[in-house]
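Visitor: I would like a close look at a single part of this structure. Could you pick one residue and walk me through its surroundings?

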Amino acid sequence: MATKTLFALLLAGGAIAKSACPVVNCTDVSALSDYSTLRLREVGARNTLDWRIWLLRDGKPISFWHDVPLYPDESNHQVVNMVVEIPRWTNGKIEIKRTEPLNPIFHDEKKSLPRFVENVWPHKSYPFLYGSIPQTWESPNFKHNFTNFEGDNDPVDIIDIGSDPGYVGQVKQVKVLGGLALADGEETDWKIIAVDVNDPLAALVSSVEDLEKHRPGLAQTYRDWFTYYKVARGDGVIPIVGDTWQNADFVVNVLEESHGFWQDLVAGKVDTGEINYNQTSDASLESFISRCEAVDELSIPKKNAKKPAAAIPEKYSWWYYLDADYKLIELPSSS
(Lines give C-alpha, C1' and ligand atoms only; values in the text may rest on other atoms or scores of the structure.)
Protein backbone atom coordinates (compact mmCIF):
# COMPACT_ATOMS: atom_id res chain seq x y z
CA MET A 1 0.00 0.00 0.00
CA ALA A 2 1.48 3.33 1.09
CA THR A 3 4.91 4.58 0.35
CA LYS A 4 6.81 7.84 1.07
CA THR A 5 9.79 9.86 0.18
CA LEU A 6 11.65 13.13 -0.58
CA PHE A 7 12.51 16.31 1.20
CA ALA A 8 12.14 19.48 -0.83
CA LEU A 9 11.12 22.64 0.94
CA LEU A 10 7.64 23.55 -0.25
CA LEU A 11 8.37 27.06 -1.38
CA ALA A 12 7.59 28.60 -4.75
CA GLY A 13 11.04 27.81 -6.02
CA GLY A 14 10.95 24.21 -4.91
CA ALA A 15 14.40 24.46 -3.31
CA ILE A 16 15.72 21.38 -1.54
CA ALA A 17 15.58 21.74 2.22
CA LYS A 18 18.84 21.12 4.06
CA SER A 19 17.86 22.23 7.56
CA ALA A 20 18.43 20.09 10.61
CA CYS A 21 15.79 17.54 11.56
CA PRO A 22 13.05 19.28 13.59
CA VAL A 23 12.04 18.32 17.09
CA VAL A 24 8.60 16.73 16.74
CA ASN A 25 5.86 16.81 19.35
CA CYS A 26 4.12 13.51 18.70
CA THR A 27 1.10 14.54 20.74
CA ASP A 28 0.47 17.58 18.53
CA VAL A 29 -2.49 16.80 16.27
CA SER A 30 -3.39 20.41 15.55
CA ALA A 31 -4.42 21.31 12.02
CA LEU A 32 -1.60 22.23 9.68
CA SER A 33 -1.10 26.00 9.56
CA ASP A 34 2.65 26.52 9.20
CA TYR A 35 3.43 25.42 5.64
CA SER A 36 7.16 26.06 6.14
CA THR A 37 7.25 22.79 8.15
CA LEU A 38 6.45 20.76 5.03
CA ARG A 39 9.01 18.71 3.13
CA LEU A 40 8.87 15.95 0.52
CA ARG A 41 10.37 12.46 0.45
CA GLU A 42 10.96 10.87 -2.94
CA VAL A 43 11.62 7.21 -3.69
CA GLY A 44 12.25 5.57 -7.06
CA ALA A 45 12.63 6.82 -10.61
CA ARG A 46 10.22 9.28 -12.16
CA ASN A 47 8.23 8.02 -15.16
CA THR A 48 7.94 4.57 -13.56
CA LEU A 49 5.12 2.88 -11.66
CA ASP A 50 7.22 2.30 -8.53
CA TRP A 51 7.99 5.99 -8.00
CA ARG A 52 6.42 7.77 -5.00
CA ILE A 53 6.51 11.14 -3.23
CA TRP A 54 5.31 11.51 0.37
CA LEU A 55 4.48 14.68 2.24
CA LEU A 56 6.27 15.30 5.56
CA ARG A 57 5.35 17.62 8.41
CA ASP A 58 8.26 18.29 10.77
CA GLY A 59 9.99 15.34 9.11
CA LYS A 60 7.11 12.90 9.70
CA PRO A 61 4.71 11.64 7.00
CA ILE A 62 1.22 13.01 6.60
CA SER A 63 -1.40 12.70 3.86
CA PHE A 64 -1.54 15.16 0.95
CA TRP A 65 -5.26 14.46 0.77
CA HIS A 66 -6.44 14.08 4.34
CA ASP A 67 -4.06 16.26 6.40
CA VAL A 68 -3.54 19.41 4.33
CA PRO A 69 -6.55 21.61 5.17
CA LEU A 70 -8.98 22.68 2.47
CA TYR A 71 -8.96 26.30 3.63
CA PRO A 72 -5.78 28.14 4.68
CA ASP A 73 -8.12 30.62 6.40
CA GLU A 74 -11.57 29.38 7.45
CA SER A 75 -12.96 32.91 7.13
CA ASN A 76 -12.32 33.02 3.36
CA HIS A 77 -13.68 30.08 1.38
CA GLN A 78 -12.65 31.52 -1.99
CA VAL A 79 -9.01 30.74 -1.14
CA VAL A 80 -8.11 27.05 -0.93
CA ASN A 81 -5.01 24.91 -0.72
CA MET A 82 -3.82 23.18 -3.86
CA VAL A 83 -1.55 20.13 -4.09
CA VAL A 84 0.44 20.40 -7.31
CA GLU A 85 0.61 17.06 -9.10
CA ILE A 86 1.57 18.10 -12.64
CA PRO A 87 3.80 21.12 -13.30
CA ARG A 88 3.03 23.22 -16.36
CA TRP A 89 4.27 21.85 -19.72
CA THR A 90 4.99 18.37 -18.38
CA ASN A 91 3.08 15.33 -19.59
CA GLY A 92 3.29 12.63 -16.91
CA LYS A 93 -0.16 11.83 -15.46
CA ILE A 94 0.75 12.30 -11.81
CA GLU A 95 -1.80 12.13 -9.01
CA ILE A 96 -2.48 11.20 -5.41
CA LYS A 97 -2.69 7.46 -4.76
CA ARG A 98 -6.09 6.81 -3.21
CA THR A 99 -5.43 3.24 -2.14
CA GLU A 100 -2.12 3.60 -0.28
CA PRO A 101 -1.63 4.73 3.32
CA LEU A 102 -1.24 8.52 3.60
CA ASN A 103 -1.86 8.80 -0.13
CA PRO A 104 1.55 9.49 -1.69
CA ILE A 105 1.88 10.99 -5.16
CA PHE A 106 2.50 8.42 -7.90
CA HIS A 107 2.55 8.02 -11.68
CA ASP A 108 -0.85 6.84 -12.90
CA GLU A 109 -0.96 3.85 -15.23
CA LYS A 110 -2.83 2.70 -18.31
CA LYS A 111 -2.56 -0.90 -19.47
CA SER A 112 0.17 -1.48 -16.84
CA LEU A 113 2.37 1.31 -18.24
CA PRO A 114 3.02 4.86 -16.95
CA ARG A 115 0.43 7.20 -18.40
CA PHE A 116 1.34 10.36 -20.29
CA VAL A 117 -0.66 13.07 -22.04
CA GLU A 118 -0.11 13.89 -25.73
CA ASN A 119 0.87 17.33 -27.01
CA VAL A 120 -2.25 18.58 -28.81
CA TRP A 121 -1.21 21.61 -30.85
CA PRO A 122 -0.74 24.42 -29.88
CA HIS A 123 -0.37 23.24 -26.26
CA LYS A 124 2.62 21.36 -24.90
CA SER A 125 0.97 18.74 -22.67
CA TYR A 126 -0.64 20.44 -19.64
CA PRO A 127 -0.71 24.21 -20.33
CA PHE A 128 -1.23 25.06 -16.64
CA LEU A 129 -0.40 23.79 -13.17
CA TYR A 130 -2.67 20.84 -12.43
CA GLY A 131 -3.44 19.29 -9.08
CA SER A 132 -6.06 18.51 -6.48
CA ILE A 133 -7.81 20.19 -3.58
CA PRO A 134 -7.19 18.46 -0.23
CA GLN A 135 -10.05 17.42 2.05
CA THR A 136 -12.54 17.24 -0.82
CA TRP A 137 -14.11 14.16 -2.39
CA GLU A 138 -16.19 13.57 -5.49
CA SER A 139 -18.30 10.85 -3.90
CA PRO A 140 -19.28 7.95 -6.20
CA ASN A 141 -22.06 6.86 -3.86
CA PHE A 142 -24.84 8.92 -5.48
CA LYS A 143 -25.66 11.18 -8.42
CA HIS A 144 -24.65 14.79 -7.86
CA ASN A 145 -27.35 17.45 -8.23
CA PHE A 146 -25.80 19.69 -10.88
CA THR A 147 -24.37 16.97 -13.13
CA ASN A 148 -26.76 14.08 -12.42
CA PHE A 149 -23.69 11.80 -12.48
CA GLU A 150 -21.89 9.97 -9.70
CA GLY A 151 -18.54 11.38 -8.59
CA ASP A 152 -15.22 10.06 -9.92
CA ASN A 153 -14.03 8.98 -6.43
CA ASP A 154 -11.13 11.48 -6.35
CA PRO A 155 -10.42 14.77 -4.63
CA VAL A 156 -11.62 17.74 -6.70
CA ASP A 157 -9.18 18.74 -9.48
CA ILE A 158 -7.86 22.27 -9.81
CA ILE A 159 -5.66 24.29 -12.17
CA ASP A 160 -3.51 27.33 -11.37
CA ILE A 161 -3.28 29.74 -14.32
CA GLY A 162 -0.61 31.94 -12.71
CA SER A 163 3.02 32.32 -13.76
CA ASP A 164 4.58 29.90 -11.25
CA PRO A 165 5.72 26.75 -13.14
CA GLY A 166 5.33 24.70 -9.95
CA TYR A 167 6.75 21.34 -8.91
CA VAL A 168 5.36 17.97 -7.94
CA GLY A 169 4.18 17.91 -4.33
CA GLN A 170 4.06 21.69 -3.91
CA VAL A 171 1.36 22.95 -1.55
CA LYS A 172 0.16 26.43 -2.46
CA GLN A 173 -2.71 28.77 -1.75
CA VAL A 174 -4.92 29.73 -4.69
CA LYS A 175 -7.95 31.93 -5.33
CA VAL A 176 -10.98 30.21 -6.89
CA LEU A 177 -12.37 31.93 -10.02
CA GLY A 178 -14.83 29.33 -11.34
CA GLY A 179 -15.15 25.73 -12.43
CA LEU A 180 -16.07 23.31 -15.23
CA ALA A 181 -18.28 20.31 -14.52
CA LEU A 182 -16.88 17.60 -16.81
CA ALA A 183 -18.89 14.45 -17.39
CA ASP A 184 -15.85 12.27 -18.05
CA GLY A 185 -16.92 8.67 -18.60
CA GLU A 186 -20.34 9.66 -17.21
CA GLU A 187 -18.73 10.62 -13.90
CA THR A 188 -18.74 14.03 -12.21
CA ASP A 189 -15.22 15.47 -12.58
CA TRP A 190 -14.99 19.14 -11.60
CA LYS A 191 -12.06 21.21 -12.87
CA ILE A 192 -11.63 24.34 -10.78
CA ILE A 193 -9.84 27.35 -12.29
CA ALA A 194 -7.78 29.39 -9.82
CA VAL A 195 -4.76 31.66 -9.50
CA ASP A 196 -1.93 31.60 -6.96
CA VAL A 197 -2.62 34.22 -4.28
CA ASN A 198 0.98 35.44 -4.66
CA ASP A 199 0.64 36.00 -8.41
CA PRO A 200 0.24 39.68 -9.40
CA LEU A 201 -2.93 38.70 -11.26
CA ALA A 202 -4.67 37.53 -8.09
CA ALA A 203 -5.36 41.05 -6.84
CA LEU A 204 -7.11 41.91 -10.11
CA VAL A 205 -9.41 38.93 -10.62
CA SER A 206 -12.17 37.27 -8.61
CA SER A 207 -14.11 35.61 -11.44
CA VAL A 208 -13.80 34.19 -14.94
CA GLU A 209 -15.28 37.46 -16.22
CA ASP A 210 -12.47 39.41 -14.52
CA LEU A 211 -9.98 37.00 -16.05
CA GLU A 212 -11.25 37.83 -19.54
CA LYS A 213 -10.27 41.48 -19.02
CA HIS A 214 -6.68 40.67 -18.12
CA ARG A 215 -6.08 37.39 -19.97
CA PRO A 216 -8.44 37.53 -22.99
CA GLY A 217 -9.34 34.11 -24.40
CA LEU A 218 -7.54 32.12 -21.72
CA ALA A 219 -10.63 30.72 -20.00
CA GLN A 220 -12.21 29.65 -23.31
CA THR A 221 -8.94 28.09 -24.49
CA TYR A 222 -8.61 26.02 -21.33
CA ARG A 223 -12.29 25.10 -21.44
CA ASP A 224 -11.81 23.74 -24.95
CA TRP A 225 -8.60 21.91 -23.97
CA PHE A 226 -10.45 19.92 -21.31
CA THR A 227 -12.94 18.71 -23.92
CA TYR A 228 -10.41 17.45 -26.48
CA TYR A 229 -7.16 16.57 -24.72
CA LYS A 230 -7.88 12.84 -24.76
CA VAL A 231 -8.76 12.69 -28.48
CA ALA A 232 -5.16 12.04 -29.54
CA ARG A 233 -5.12 8.77 -27.59
CA GLY A 234 -8.31 7.60 -29.30
CA ASP A 235 -10.95 8.80 -26.85
CA GLY A 236 -13.87 11.05 -27.69
CA VAL A 237 -14.60 14.66 -26.76
CA ILE A 238 -15.51 15.08 -23.08
CA PRO A 239 -18.89 16.78 -22.51
CA ILE A 240 -19.21 19.69 -20.09
CA VAL A 241 -22.38 19.96 -18.01
CA GLY A 242 -23.67 23.52 -18.44
CA ASP A 243 -21.27 23.95 -21.39
CA THR A 244 -19.08 26.61 -19.78
CA TRP A 245 -17.43 27.85 -16.57
CA GLN A 246 -19.67 28.08 -13.51
CA ASN A 247 -19.09 31.19 -11.41
CA ALA A 248 -16.93 31.45 -8.31
CA ASP A 249 -19.82 31.59 -5.83
CA PHE A 250 -21.33 28.42 -7.26
CA VAL A 251 -17.98 26.62 -7.17
CA VAL A 252 -17.27 27.73 -3.59
CA ASN A 253 -20.53 25.98 -2.66
CA VAL A 254 -19.50 22.87 -4.63
CA LEU A 255 -16.25 22.72 -2.65
CA GLU A 256 -18.04 23.18 0.66
CA GLU A 257 -20.32 20.28 -0.27
CA SER A 258 -17.42 18.09 -1.39
CA HIS A 259 -15.67 18.85 1.91
CA GLY A 260 -18.70 17.44 3.69
CA PHE A 261 -18.48 14.29 1.58
CA TRP A 262 -14.80 14.01 2.55
CA GLN A 263 -15.63 14.43 6.25
CA ASP A 264 -18.00 11.46 6.01
CA LEU A 265 -15.27 9.51 4.20
CA VAL A 266 -12.56 9.89 6.87
CA ALA A 267 -15.13 9.32 9.61
CA GLY A 268 -15.98 5.96 8.05
CA LYS A 269 -19.65 6.90 7.65
CA VAL A 270 -19.91 5.94 3.96
CA ASP A 271 -18.77 3.23 1.60
CA THR A 272 -15.10 4.08 1.08
CA GLY A 273 -14.33 1.28 -1.36
CA GLU A 274 -10.60 0.97 -1.95
CA ILE A 275 -9.71 4.39 -0.52
CA ASN A 276 -7.18 4.52 2.29
CA TYR A 277 -8.24 7.30 4.64
CA ASN A 278 -5.58 7.14 7.35
CA GLN A 279 -4.91 10.66 8.62
CA THR A 280 -2.75 12.27 11.30
CA SER A 281 -4.83 15.35 12.18
CA ASP A 282 -7.92 14.16 14.09
CA ALA A 283 -7.29 11.73 16.93
CA SER A 284 -11.03 11.35 17.58
CA LEU A 285 -11.48 9.29 14.38
CA GLU A 286 -10.63 5.62 13.90
CA SER A 287 -8.71 6.60 10.76
CA PHE A 288 -6.14 8.43 12.91
CA ILE A 289 -2.51 7.38 13.15
CA SER A 290 0.25 9.32 14.87
CA ARG A 291 2.64 10.72 12.29
CA CYS A 292 5.48 9.66 14.60
CA GLU A 293 4.36 6.03 14.22
CA ALA A 294 3.34 6.13 10.57
CA VAL A 295 6.67 5.11 9.04
CA ASP A 296 6.79 1.84 10.97
CA GLU A 297 3.06 1.14 11.16
CA LEU A 298 2.41 1.84 7.48
CA SER A 299 5.75 0.62 6.06
CA ILE A 300 6.70 3.98 4.60
CA PRO A 301 10.34 4.44 3.49
CA LYS A 302 12.44 6.23 6.07
CA LYS A 303 14.74 8.06 3.66
CA ASN A 304 14.92 9.57 0.22
CA ALA A 305 15.89 7.05 -2.43
CA LYS A 306 15.54 9.02 -5.63
CA LYS A 307 16.77 7.40 -8.85
CA PRO A 308 17.42 8.87 -12.31
CA ALA A 309 14.20 9.40 -14.25
CA ALA A 310 13.25 6.81 -16.86
CA ALA A 311 12.95 7.88 -20.49
CA ILE A 312 9.54 9.08 -21.74
CA PRO A 313 8.30 7.18 -24.83
CA GLU A 314 9.09 9.10 -28.01
CA LYS A 315 5.50 9.53 -29.17
CA TYR A 316 4.86 11.93 -26.28
CA SER A 317 7.30 14.37 -27.84
CA TRP A 318 5.24 14.51 -31.05
CA TRP A 319 2.60 17.08 -31.98
CA TYR A 320 -0.97 15.94 -32.56
CA TYR A 321 -3.38 18.06 -34.61
CA LEU A 322 -7.18 18.24 -34.50
CA ASP A 323 -9.60 19.60 -37.08
CA ALA A 324 -12.42 22.07 -36.39
CA ASP A 325 -14.61 19.23 -35.09
CA TYR A 326 -11.89 18.05 -32.70
CA LYS A 327 -11.13 14.96 -34.74
CA LEU A 328 -7.55 13.76 -35.01
CA ILE A 329 -5.86 14.68 -38.30
CA GLU A 330 -3.79 11.78 -39.59
CA LEU A 331 -1.52 12.01 -42.62
CA PRO A 332 -2.07 9.57 -45.50
CA SER A 333 0.09 6.47 -45.44
CA SER A 334 3.20 6.71 -47.64
CA SER A 335 2.82 3.09 -48.77
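Guide: Happy to; here is a look at Gln135, followed by the chain around it. Please keep in mind that this is a predicted model. Let us start with the place in the fold: Gln135 sits in a loop, with strand E10 (129-132) on one side and strand E11 (157-160) on the other. Although a loop residue, Gln135 counts as buried, because its relative accessibility is 11%, under the 20% cut-off.

What surrounds it? Leaving aside residues up to four places away in sequence, Gln135 touches a run of neighbours made up of Trp65, His66, Asp67, Val68, Pro69 and Leu70, and also Ser258, His259 and Trp262. Within the first of these groups, His66 offers a polar partner: its backbone oxygen lies 3.1 Å from a polar atom of the Gln135 side chain. From the second group, take Ser258, which is 123 residues away from Gln135 along the chain, while the two C-alpha atoms are 8.2 Å apart.

Stepping back to the chain, contacts between residues 24 or more positions apart make up 71% of those with a separation of 6 or more. Gln135 is also one of the buried residues, which form 56% of the 335 in the chain. The fold has four helices and 16 strands, and its C-alpha atoms fill a box of roughly 65 × 45 × 40 Å along the principal axes. The radius of gyration is 20 Å, which agrees with the value near 20 Å for a compact globule of 335 residues.

Technical notes:
Residues numbered from 1 in each chain as written. Predicted model: local features only at pLDDT ≥ 70, side-chain atom pairs only at ≥ 80, totals over all residues. Heavy atoms only, no water. Helix = DSSP H or I, 4+ residues; strand = E, 2+ residues; numbered from the N terminus. Buried < 20%, exposed > 50% of the residue type's maximum accessible area, 1.4 Å probe, protein only. Contact = heavy atoms within 4.5 Å. Polar contact = N/O pair within 3.5 Å; in protein donor to acceptor, adjacent residues only side chain to side chain. Rg over C-alpha atoms; globule rule 2.2 N^0.38 Å.
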